[in-house]
Amino acid sequence: MTAHIHIHRDGDVALIRLENPPVNGLGFELRQGLDEALHAAEADTSVRAVVIYGGGKMFCGGADIRQFNTPKAGAEPTLRSLATRLAASTKPVVAAIHGMALGGGLELALACHYRVATKVSQLGLPEVKLGLLPGGGGTQRLPRLVGAVQALRMIVTGEPVGAEAGLTCGLLDAVVDGELLAQATAFARDKAGAALPLVSRMVARNDGAATLFDDERVRLRQAKPGFTAPQECINCVEQAMVLDFEAGLDYERERFGVLVQGPESKALRHLFFAEREAAKLDDLPAGTQPRPIHHVGVIGAGTMGVGIAMSLANAGLRVTLLEMRQAALDRGLGMIRDNYAATAAKGKLSAAELERRVGLIQGTLSYDALSDVDLVIEAVFEEMSVKHEVFERLDRVCKPGAILATNTSRLDIDQIAAVVSRPQDVIGLHFFSPANMMRLLEVVRGAKSAPDVIMTAMRLGQQIKKLPVLVGNCDGFVGNRMVLPQAIEAEFLLEEGATPEQVDAALKDCGMAMGRFAVADLAGLDIGWTIRKRMAETRKPGTRSSRILERVCALGRFGQKTGAGFYRYEAGSRTPLPDPVVHGLIDECSLAAGIPRREISDAEIVERNVYALVNEGARLLAEGIARRASDIDLIYVNGYGFPPFRGGPMFYADTVGLDKVYARIREFHQEHGDQWEPAPLLAQLAASGGRFQDLGDSQASTQ
Ligand code: NAD
């Protein structure tokens, strides 16, 4: 018997426990052990029924990700062979599910004769989230058990269902309160000798509209443009309606094979592992412990302060929100209540929970209310003098050991820290807008940020269900520093012959959540204009620059908030509409700069936008501002709408091949100017056949 399986007996019932912490992943050894245990139970005449259950906190979380991409992943016995053995069993086999049964774990349970779960169990097939489909028979068994509508819902969204829903739809045979194992054992014993239900012999039925599958295909093409796995999931469930069981399994296997080798799944798995990597803090001294955080101060109840306060309250933290004036405070607190009320109106928040969260956020005009906070997050105007004034006051009132964080988008963390007596307690917590919705959190370490302050910030990010990524301090940190050369390049494209709508359409076709100019209009053009004015002061003579943004802003067009920017907007609408005024203005800029307008292909638009990111990303890696290429990918996918199925800009560049990317950047350098000077790290990797994803942590910065 292997170490991953434990067998014991309760009278005439054999109890097989899955033992592969932390999630009982279906690794090769566990599958082999289970196969042997089932074989032994079948051969043992004193056994009349079998119960399979999970040790630890759950039944089974699915494939063992540690064996992803290793020969063990596909080695016999596979899940399909195990299912065949289960189907051949003459004795009832019951899956006793506590905690979660996910992916292969649920597929294993589906292959058993019966499924019994606790009230709090969760059952799901999340493979689609990794660009895959359930390849262990899930797409064929689930619709046979629960019908096409529910099967599609579970397989295509990847979202789990609870035990009650599982019972209602027929996925579960019983839901128990109390001792699961004893009740599942009694259930199994009760079924001994009875005719055994086999899912494989059931008929899959379309219990929805005749057009169910086509409707779903159309819906998902709109909801998840560019993703292929959801479409393949639909195809598999549809095939379950027409093919016999074995042929359906073959179809599922074949499509799984295509997806697992394809770029989408590789990209999504890259992002999955990237999140795990981003959480690692190996470079902090051993033994570093986070500081306890119970009460948080937020300074400024504007756009960001409101969202940050909500994120904290959502995780049950007590918040004191400070403003300069009562009216601003009232407006902020009102926005918080309105936001929660909107969620409650959608049925996603109970009235009691709404009150609890609102009650966790106390408003104040007095810094004295911050004397006992464990952490304070400043979100006031983006002006160094204002930040200094706030930090000086915080330094006076906050208790020793309180962490002083700033939500600045691009100001120098060290310069902010310079005005306090405790720079080791200062750190950047760069939330993204809207802060209560966006997952990304750049944790910006200053030169003097203490290890335990960094660790606390990262842990807090996780606690409030964000995706914290640790980055270094520079103008714009990782995300906003990379976006600048891209934004400038997009304007050069306008100057050379493109329109805002052409650039945006090309980027959206490539999978970006929004086009560059639609995003700029949403964020507000005045911010970018201020940055450009600052850049102009230090720009090397002869460096190319465009006046388009300045000209648009000079018309008082600051984006959506003024009803016009690169696009025009009808009153009350957020839909960007092409504007002849902007077209005329762009033409004038081309003429004034002596640039003949030409046809620009969508491919060139995408290359120049994405490679501008990649080139700056390579510099950030070399400077050690980004710890690893996958951190940059996480930032771009989660904060800037980069398509997840392309894995982020650095992964995408690896996929294209860094030699090809480098060659294109050199061409751009010759044709379009010094902003395209290739990053030395990119040049090195291109020459050596390397990839960003193979650079070890901080290896890039020492090359
Ligand atoms: P905002 O103008 O909406 O809100 C700022 C608030 O701070 C205002 O309500 C103002 O009354 C208050 N305030 C100003 N000085 C104060 C002081 N001395 N004490 C107390 N309150 C004060 O601005 P915002 O968009 O929320 O941005 C706040 C910070 O977050 C800035 O540093 C900005 O760069 C950063 N940020 C903004 C975004 C974004 O998309 N808006 C995203 C990330 C980071």
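**Figure 1. Disulfides: the count comes to zero.** A disulfide is a covalent bond between the sulfur atoms of two cysteines. Here the test is a pair of cysteine sulfur atoms within 2.5 Å, and by that rule zero disulfides turn up. This is a predicted model, so to speak of local features a pLDDT of at least 70 is needed, side-chain atom pairs count only at pLDDT 80 or more, and totals for chains, interfaces and linings use all residues. Residues are numbered from 1 along each chain as its sequence is written, and side-chain values use heavy atoms, with hydrogens and water left out. Two cysteines are worth a look: Cys-474 counts as buried because its relative accessibility is 14%, and Cys-510 counts as buried at 9%. (Buried is under 20% relative accessible area, exposed is over 50%, and partly exposed lies in between, using a 1.4 Å probe and protein chains only.)

**Figure 2. Strand E2 sits between E1 and E3 as a pairing partner of both.** The E and H names are DSSP runs numbered from the N terminus: strands (E) have at least two residues, helices (H or I) at least four. Two strands pair if DSSP finds at least two bridges between them. Strand E1 (residues 5-10) runs antiparallel to E2 over six bridges, with Asp-10 opposite Val-13 in E2. Two residues lie between the strands of this hairpin, and Gly-11 takes a positive phi near 60° there. E2 also runs parallel to strand E3 (residues 49-54), joined by six bridges; Ala-14 has Val-50 in E3 as its bridge partner. E2 itself (residues 13-18) is mostly covered, with six of its six residues buried. Val-13, Leu-15 and Arg-17 point one way, while Ala-14, Ile-16 and Leu-18 point the other way. In a regular strand the side chains alternate between the two faces of the sheet.

**Figure 3. A three-strand open sheet has the order E5-E7-E8.** Its pairing is mixed. Strand E5 (100-102) and strand E8 (161-162) are at the edges with a single partner strand each, so one side of each has no neighbour in the sheet. Strand E7 (residues 122-124) pairs with E8 in the antiparallel sense over two bridges, and Leu-123 stands opposite Val-161 in E8. Helix H3 (residues 104-111) packs on this sheet and touches E5 and E7 (contact means heavy atoms within 4.5 Å), and its direction makes about 95° with that of E5. For such angles, axes are lines fitted to C-alpha atoms, for helices over the stretch in contact, and values run from 0 to 180 degrees between N-to-C directions.

**Figure 4. Helix H10 has its buried residues along one face.** H10 (residues 245-261) has 17 residues and reaches 25 Å from its first C-alpha to its last, close to the 24 Å expected at 1.5 Å a residue. The expected span is 1.5 Å times one less than the number of residues. Phe-245, Gly-248, Leu-249, Glu-252, Arg-255, Phe-256 and Leu-259 are the buried residues to look for in H10. Seen down the axis, they fall within an arc of 135°, so they line one face of the helix; the arc is that of the directions from the helix axis to the C-beta atoms. Covering them are, among others, helix H2 (79-88), helix H4 (138-146), helix H9 (229-242) and helix H11 (263-278).

**Figure 5. Eight strands form an open sheet with mixed pairing.** Read across, the order is E12-E11-E10-E13-E14-E15-E16-E17. The edge strands are E12 (361-364) and E17 (467-472), each pairing on one side only, and the twist averages 25° from one strand to the next. Strand E14 (residues 403-406) pairs with strand E15 (residues 426-431) in the parallel sense over three bridges, with Leu-404 opposite Val-426 in E15. Helix H15 (residues 384-397) lies across strand E10 (295-299), strand E13 (375-378), E14 and E15, running at about 170° to E14. Helix H17 (residues 451-463) also packs on the sheet, touching E13, E14, E15, strand E16 (440-445) and E17, and its direction makes about 150° with that of E17.

**Figure 6. Edge strand E17 is mostly covered.** Six of its six residues are buried. Leu-467, Val-469 and Val-471 point one way, and Pro-468, Leu-470 and Gly-472 the other way. E16 and E17 run parallel, joined by six bridges, and Arg-445 has Gly-472 in E17 as its bridge partner.
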